[in-house]
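Here's a quick tour of a structure, going from strand pairing to core packing. Have a look at the fold first, then read on.

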Amino acid sequence: MNPDGTLCRVAEIPDGGGKGFVLEGAEERFAIFVLRRGDRIVAYRNRCPHRGTPLDWLPDRFIAADGEHILCATHGALFRFEDGVCIAGPCPGARLEPVEIRRKGEKLQLSGPRYEGVSSK
Ligand code: FES
């Protein structure tokens, strides 16, 4: 990752889909995913509030078959794209942990803590 917090280019996130990343810190690894719908981009920690597992069974598959909601593949919880709130499944009302991200031109940058490295999941 660049010192300015650049995660990737916007074009690397498929429109209507998402991409997972692992941030490497001195003492922790932190899995996140980024989703894009046109110009709307959100990012969450890749950790389900129900049991703490990653949401995707297959790499970068975060969107449910309805094309609208975020899916946790473990027990089928559905979360809203815009705020990560669970609207169906075993943890209604629970929320995915948001990750601060900003767009700068064609780059996506982390707004929060800096990590020493980043890799695609
Ligand atoms: S671990 Fe995600 S719905 Fe159960």
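## A three-stranded open sheet

Keep in mind that this is a predicted model. One piece to pick out is an open sheet of 3 strands, ordered β1-β9-β8 and paired antiparallel. Its edges are β1 (6–9) and β8 (101–104), each with a partner on one side only. On average, neighbouring strands in this sheet are turned by 30° against each other, ignoring direction.

Zooming in on one pairing, β8 and β9 (residues 107–110) run antiparallel and are joined by 4 bridges. Within that pair, K104 sits opposite K107 of β9.

## The β3–β4 hairpin

Next up are β3 (residues 29–37) and β4 (residues 40–45), an antiparallel pair held by 6 bridges. If you want a reference point for the register, V34 has A43 in β4 as its bridge partner.

What does the turn look like? The hairpin leaves 2 residues between the strands, and G38 adopts a positive phi near 60°.

## The nonpolar core

In soluble globular proteins, nonpolar side chains tend to be buried together. Here the largest nonpolar core counts 24 residues, and I32, F33, V34, A43, Y44, L55 and F62 have the most contacts inside it. At least two residues each come from β2 (18–24), β3, β4, β5 (70–71) and β9. The largest share, 4 residues, is supplied by β3.

Which residues does I32 touch? Leaving out anything up to four places away in sequence, I32 contacts F21, L23, A43, Y44, R45, N46 and V99.

Methods. Residues numbered from 1 in each chain as written. Predicted model: local features only at pLDDT ≥ 70, side-chain atom pairs only at ≥ 80, totals over all residues. Pairing = 2+ DSSP bridges. Axes fitted to C-alpha atoms, helices over the stretch in contact; angles between N-to-C directions. Core = buried A, V, L, I, M, F, W, Y, C linked by C-beta atoms within 7 Å. Buried ≥ 20, exposed ≤ 12 C-beta atoms within 10 Å, placed from the backbone. Contact = placed C-beta atoms within 7 Å.
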